[in-house]
Amino acid sequence: MIGANTLQEFVVARQAEFAGATGDLSRLLTDIGTAAKMVNRHVNRAGLSGILGAHTPDGNGSTNVQGEAQQKLDVYADDTFHRVLQSCLKVGGIVSEEQPGIMHVDHSERGQGKGYGKYVVCIDPLDGSSNIDVNISVGTIFGIHRRRTPLTEPTSMEDFLQPAKDLVAAGYVLYGSSTMLVYSTGCGVHGFTYDPSIGEFFLSHPDMKFPKQAKVYSMNESYLDEAVAGVKPFIKECRKRGLTARYTGALVADFHRNLINGGIYLYPGTDEKPGGKLRMLYEAQPLAFLAHQAGGSTRCHLHDLLYRTPTSLHERTPLFTGNTSEINRLVHSMETAVENITS
Ligand code: AHG
Ligand code: MN
Ligand code: MN
């Protein structure tokens, strides 16, 4: 049953709980909701509006900074979030999966206000974009830090390279059978469902928590043989305990299902890619923040990912996230594997 609270009403009401809150973060969160509506419209009509498939600006496929093929919707979602965030006076800089460096936002240059905003945003504009052409869920992931450098200067690396524990807010949008926006400002995780007939996100999942019991493990099992030691025995043990496998290829969708039904997501380092595939700033960190707020845990192999300080904008990280009980079992399995190797 959808409640009466719109995203905007809820965000503003919650802001009153923070002493000294100015409404800046609320404004930024509602702007992200606006951009999400625009992307949602395109995702929903993708098959009709000629925006399926690869982005081919000059007749050839384009790649992003990580050498990955860009889909048309990757580029559209990146442009849309960029446009909306740039006009938000609260934003001083943006890092996107689709852009090589920091995009500084100087409001004075555009006659919109003084200098640079106080927040920086890390964003994966379209997560799971290879799902688009086959009509399976995709998402957007975002993390928001308060910048550390003076507001009069352009943002710099130190504003973005902060540990996930210091995020002021994080969230995701899931463009699925319905579209949801899920976010946290450090006081629980709240989910909103989009009603396209009204054009608003309504509170549908207040105070989301991982259920006690996990039902699912989510891993691309084609990497099982090369995965870091301890993952394979853990997966075998999951099967014995009756957990079942679910993996969509969109991190947002897999994380969301596991948050609702209970489960663990694994993207380990492998022999070929010890750092795994997923990106620290705009995939792993926001989800680690949400998992923690929802009573779950996140590891970068044996380390608590919340406390890791990134060293570059597009750094990759192994990622295990979900029910704390499952994470603990996995860590135990990895520690045992390491002991066996060294003894
Ligand atoms: P993106 O589309 O933003 O590049 O992210 C894709 C990611 C993630 O969403 C998903 O969990 C993972 O890639 C799937 O990778 P594999 O195909 O290696 O399983
Ligand atoms: Mn992604
Ligand atoms: Mn992406």
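Donors are N, O and S atoms within 2.8 Å of the metal. In this predicted model, the manganese ion (ligand 2) is coordinated by Asp 124 (OD), Asp 127 (OD) and Glu 283 (OE), at 1.9 to 2.1 Å. The spacing of these donor residues in sequence is D-x2-D-x155-E.

For the manganese ion (ligand 3), the protein donors are Glu 97 (OE), Asp 124 (OD) and Leu 126 (O), at 2.1 to 2.2 Å. Here the donor residues follow the spacing E-x26-D-x1-L.

Asp 124 bridges the manganese ion (ligand 2) and the manganese ion (ligand 3), which are 3.7 Å apart. Buried means under 20% relative accessible area. Asp 124 has a relative accessible area of 1% and is therefore buried; Leu 126, with a relative accessible area of 2%, is buried as well. Asp 127 is also buried.

Ligand 1 sits in the largest pocket. It is surrounded by 19 residues, and the closest are Asp 127, Tyr 223, Tyr 247, Tyr 265 and Tyr 267. Strands β3 (119-127) and β11 (263-267) each supply at least two residues of this shell, and β3 gives the most, with 3 residues.

Several donor residues of the manganese ions also have polar atoms beside an oxygen atom of ligand 1, as the table shows.

| Residue | Polar atom of the residue | Distance to an oxygen atom of ligand 1 |
|---|---|---|
| Glu 97 | side-chain N or O | 3.0 Å |
| Leu 126 | backbone | 3.3 Å |
| Glu 283 | side chain | 3.5 Å |

Taken alone, ligand 1 exposes 480 Å², of which the protein buries 86%.

Notes: Residues numbered from 1 in each chain as written. Chains lettered and ligands numbered in written order. Predicted model: local features only at pLDDT ≥ 70, side-chain atom pairs only at ≥ 80, totals over all residues. Heavy atoms only, no water. Donors = N, O, S within 2.8 Å, 3.2 Å for Na, K, Ca; no water. Buried < 20%, exposed > 50% of the residue type's maximum accessible area, 1.4 Å probe, protein only. Near = heavy atom within 4 Å. Areas by Shrake-Rupley, 256 points an atom, 1.4 Å probe, with all protein chains shown as cover. 1 Å grid on protein atoms, 1.4 Å probe; cavity = no way out; pocket = protein on both sides within 12 Å on 5 of 7 lines; lining within 4 Å. Sits in = over half its atoms within 2 Å of the grid points. Helix = DSSP H or I, 4+ residues; strand = E, 2+ residues; numbered from the N terminus.
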